[in-house]
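Biologist: Walk me through this model feature by feature. For each one, give me the rule and then the case.

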Amino acid sequence: MSFKAVYIIDGARTPFLKMRGGRGPFSAADLAVQAINPLMLRQPFKASDFSEVIVGCVSPTPDETNIGRVVGLRIGTGYKVPAWTVMRNCASGMQSIDSAIANIQTGRSDLVLAVGTEALSRSPVLFSEQAVDFLAKFKSAKSLGQKFSLLKTFKLRYLSPVFGLLKGLTDPILGISMGQTAENLAYKFNISRQEMDAFSARSHERAIRAQNDKSFQAELIPIIDTKGKLYQVDDGIRSDSTIDKLSKLKPVFDKPAGNITAGNSSQVTDGAAALILASEEAIKKWNLQPIAKIIDTQWAALDPGEMGLGPVHACAPILERHQLSIDDIDLWEINEAFAAQTLACIKAFNDETYCQTHFAHHAFGLVDQDKLNVDGGAIAIGHPVGASGTRIVLHLIHALKKRQLKRGLASICIGGGQGGAMLIEIMEE
């Protein structure tokens, strides 16, 4: 099957805001709308001209059910533009792009808004199963006497909260946390704590440099909360995240002997990113100037206990299909769920046994870390799960353009044992 050209016209994102002990100032829909409205002001068409709006989000709040439609209506698409929501865990934002690609390629859409958004700080706090059962029985009780009898059976432990975020970060098949899957990879590829902390410190260093030289300026949209407070930058980036300080943090997921800490893991964050995709017909109709072309996409699946290797499994078929070597990729964006996970991907690409076993292919080679996440990654910037796939594609475009480079691969691991990848090329001006 030939891959009909699909173009990226423009994009923007909000600052990524670290969760700081309570509900953040924005819902997932708020974040998406604040990213999209300024983006639309620089377009020659209106929101009502979109063929459809597709929003990736893992955990919208109950009052934002089918958040895609909520966002579409709030940005002014009108009633006649379809809008829908996709969810593929950490790759939900990338899935929104791929779903747009599929509809453009089949001719069902010409101009699509693809969005990724997440407000992890607003993940729900739930009642326990015992509390739910008790409340259901209490509501069904027909007499006052029955209600009093039920009250005698109530236990205070029923009120123990269940945190939706922690439930969502636990693999439902294996019963282990995402952090434990990173510990599995650290063990498998003999990745030391020192390597993880050094990688994490560098992520912050690169992000600080990018902030200082305004590498994020072209993609960032400042946002304002209901109290008038302005948010202009990713606020999880820390200048004090040095190797020495990171080495003092205690393990989180495997406390007796593990190496995965809060410092070498991605941050719990709120944020949104949006991209406008178009067919050649839409480009001609609106006289648009695309900034990049999507060359190929790939999804892959693997053992959930090693889900962090998803980028390798998704990138390998793309490299093979296009007869590309590791060195043919000018820049890489591999989402930093955990330092150990990203380092494991680097090692797996260069591991002859792993590549022969899983891809019947010689080792692809060593990814040059000077080409990888050149402006930092999720360890420094944050990982609002529904938005990260969109962010890494958007930033890869700007990083390539700034360096006058051509070809990039964006890839992300996915809880549950999957991976996604997208090959893009910059358009010549």
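**Reading the features**

Modeller: Phe127 is found in the loop between strand 6 (125-126) and helix 4 (129-140). Helices (H or I, at least four residues) and strands (E, at least two) are DSSP runs, numbered from the N terminus. This is a predicted model, so local features need pLDDT of at least 70 and side-chain atom pairs pLDDT 80 or more, while totals for chains, interfaces and linings use all residues. Residues are numbered from 1 along each chain as its sequence is written, and side-chain values use heavy atoms, leaving out hydrogens and water.

Biologist: Which residues form a nonpolar patch on the surface with Phe127?

Modeller: Rule first. Patch members have over 30% relative accessible area and no salt bridge; nonpolar side chains (Val, Leu, Ile, Met, Phe, Trp, Tyr) are joined within 5 Å, like charges within 9 Å. Areas come from the Shrake-Rupley method with a 1.4 Å probe, and for residues only the protein chains shown count as cover. Here Phe127 is joined by Val132, Leu135, Leu156 and Leu159. Together they have about 520 Å² of accessible area.

Biologist: Now the opposite case. How many residues of helix 12 are buried?

Modeller: Buried means under 20% relative accessible area, exposed over 50%, and partly exposed in between (1.4 Å probe, protein chains only). Helix 12 spans residues 339-349, and ten of its eleven residues are buried. Among them are Leu343, Cys345, Ile346 and Phe349. Polar names appear too, including Gln341 and Thr342.

Biologist: What is the relative accessible area of Leu394?

Modeller: Leu394 sits in helix 15. Its relative accessible area is 0%, so Leu394 is buried. The C-alpha atoms of Leu394 and Gly11 are separated by 6.5 Å, with their positions 383 residues apart along the chain.

Biologist: On to charges. How many salt bridges are there?

Modeller: Side chains of opposite charge can pair when their charged atoms come close. The cut-off: a side-chain nitrogen of Lys or Arg within 4 Å of a carboxyl oxygen of Asp or Glu. The count comes to 16 salt bridges.

Biologist: Which residue forms a salt bridge with Asp213?

Modeller: Lys402, with the closest N and O atoms 3.3 Å apart. Asp213 lies in the loop between helix 8 (193-212) and strand 8 (223-224) and Lys402 in helix 15 (residues 385-402), so the pair ties together parts 189 residues apart in sequence. Asp213 is partly exposed at 37% relative accessible area. Lys402 is partly exposed as well, at 45%.

Biologist: In the salt bridge of Asp296 and Arg321, is Asp296 buried or exposed?

Modeller: The N to O distance in that bridge is 2.8 Å. The pair links distant parts of the chain: Asp296 in strand 11 (residues 292-301) and Arg321 in helix 11 (residues 310-321), 25 residues apart. Asp296 is buried, at 6% relative accessibility. Arg321 is partly exposed, at 45%.

Another pair is Asp244 and Lys248, at 3.1 Å between the closest N and O atoms. Asp244 is partly exposed at 48%, and Lys248 is exposed at 57%. Arg13, Glu219 and Asp234 are linked in a network of salt bridges.

Biologist: Last topic: empty space. What is the volume of the largest cavity?

Modeller: On a 1 Å grid over the protein atoms alone, a cavity is a set of points where a 1.4 Å probe fits but cannot get out; a pocket is an open set with protein on both sides within 12 Å along at least five of seven lines; lining residues have an atom within 4 Å of a point. Points are joined across faces, edges and corners, and a volume is the space filled by probe spheres set on the points. One cavity of 30 Å³ or more is counted. The largest cavity has about 50 Å³. Its lining includes Phe199, Arg202, Arg206 and Glu336. By class, that lining has two nonpolar, three polar and three charged residues. Ala, Val, Leu, Ile, Met, Phe, Trp, Tyr, Cys and Pro count as nonpolar, Asp, Glu, Lys and Arg as charged, and the others, Gly among them, as polar.

Biologist: How many residues line the largest pocket?

Modeller: The lining has 49 residues, of which Leu169, Phe253, Ser266, Gln267 and Val268 lie nearest the centre. Helix 6 (164-168), helix 7 (178-188) and helix 9 (243-246) each give two or more residues. Helix 6 gives the most, with five. The space is about 1200 Å³.
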